[in-house]
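Q: Could you take a close look at the pockets of this protein for me? I would also be glad of a few words on the cysteines and on some residues worth a glance.

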Amino acid sequence: MNKREEVLKKVDVKENFEKINKDILQICKKSNRNFEDIKLIAVTKYVSDERVEQAQKVGLTNFAENRSVNYLERKAKFPNQIWHLIGSLQTRKVKDVIDKVDYFHALDRQSLAQEINKRAEKVIKCFVQVNVSGEESKHGLKVEEVVDFIKSLEKYPKIKVVGLMTMAPFVDDEETIRNCFKKLKELQDDIKNLELIYAPCEFLSMGMSNDYKIAIEEGATHIRIGTALVGAELK
């Protein structure tokens, strides 16, 4: 067995998938939520096509890539899956990728919204990215900027704001993580109360391998999991 085969064998995607689904089910019961309302997205940016195939075989249907070039490659190879572009998108690359996007999780500025509206041939389902933690290393709007930003999107008929997205700080303090997710949920409620046709804001994309349990407890509908689900074998 060569090294690549050994790496593939070490990660049991089926076992990981079953464990995470069990966690989701338990948290949903505890939080009085519906299991069916949680979308498990496999983040495949660090794994090979073989690992994506394994994930397909065990029943995963939602996949994500961070970079547009990798997104296009994966979408072409696995066209029957639902694909989420979750990383920051440069304005100049919008024309290449936007009509192939099923969900875009990183809408965070006017110039990007304008370019999407200009280039898209269909309505694009977007999550507005919010930098709840205020970390300089993270993309996204400040919490206090989000409502005005979403109101401004009314002039872009090719954009539909289906939800909000955030990333919590990578820390051990559970309360810090929980507060981040709570703030996004509160912001979602504020936007839903505006009853904007183009921004129903039904979903919350939050929670990754290290904090998805907390995210579900606080209202996540889309959890983005890489390492804990499909591992981290470099392509």
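A: Happy to help; what follows starts with the pockets, then turns to the cysteines and ends with a few single residues. Please keep in mind that this is a predicted model.

Let us begin with the largest pocket, which has a volume of about 410 Å³. Its lining is made up of 23 residues. Those that lie nearest the centre of the largest pocket are Val43, Lys45, Asn66, Ile86 and Met208. Sorted by class, the lining of the largest pocket holds 11 polar, 9 nonpolar and 3 charged residues. Two elements that each supply at least two residues of this lining are β8, covering 222-225, and α10, covering 227-230.

The second largest pocket holds about 160 Å³ of space. Its lining includes Phe17, Asn21 and Ile24, along with Phe35, Glu36, Ile38, Lys39 and Leu40. Gly59, Leu60, Thr61 and Asn62 line the second largest pocket as well. Here the classes come to 6 nonpolar, 4 polar and 2 charged residues. Both α2 (13-31) and β1 (39-43) supply at least two residues each to the lining of the second largest pocket, and α2 gives the most, with 3 residues.

The loop between α2 and β1 is also home to Asn32. With a relative accessible area of 74%, Asn32 is exposed. The backbone of Asn32 deserves a look too: its phi is near 60°, a positive value in a residue other than glycine. For context, most residues other than glycine have a negative phi.

Now to the cysteines. The structure holds 0 disulfides, and the distances show why for two of them. The closest cysteine sulfur to that of Cys28 belongs to Cys201, and because the two are 19 Å apart, they are too far for a bond. For Cys126 the closest cysteine sulfur is again in Cys201, and at 12 Å this pair is also too far for a bond. A disulfide here would need the sulfur atoms within 2.5 Å. Cys28 counts as buried at 2% relative accessibility, and Cys126 is buried with a relative accessible area of 0%.

Cys201 itself sits in the loop between α8 (174-192) and β7 (203-205). Cys201 is buried, with a relative accessible area of 0%. Its phi is near 50°, a positive value in a residue other than glycine.

Two further residues round off the tour. Asn70 has its place in helix α4, which spans residues 68-77. At 16% relative accessibility, Asn70 counts as buried, because the cut-off for that class is under 20%. The side chain of Asn70 is joined to that of Arg67 by a polar contact of 3.0 Å.

Val123, in turn, is found in the loop between α6 (110-119) and β5 (124-129). Its relative accessible area is 44%, so Val123 is partly exposed. Leaving aside its neighbours within four places in sequence, Val123 is in contact with Pro157, Lys158, Ile159 and Lys160. Val123 and Lys213 are 90 residues apart in sequence, and their C-alpha atoms are 32 Å apart in space.

Technical notes
Residues numbered from 1 in each chain as written. Predicted model: local features only at pLDDT ≥ 70, side-chain atom pairs only at ≥ 80, totals over all residues. Heavy atoms only, no water. 1 Å grid on protein atoms, 1.4 Å probe; cavity = no way out; pocket = protein on both sides within 12 Å on 5 of 7 lines; lining within 4 Å. Points joined across faces, edges and corners; volume = space filled by probe spheres on them. Helix = DSSP H or I, 4+ residues; strand = E, 2+ residues; numbered from the N terminus. Nonpolar A, V, L, I, M, F, W, Y, C, P; charged D, E, K, R; others polar. Buried < 20%, exposed > 50% of the residue type's maximum accessible area, 1.4 Å probe, protein only. Polar contact = N/O pair within 3.5 Å; in protein donor to acceptor, adjacent residues only side chain to side chain. Contact = heavy atoms within 4.5 Å.
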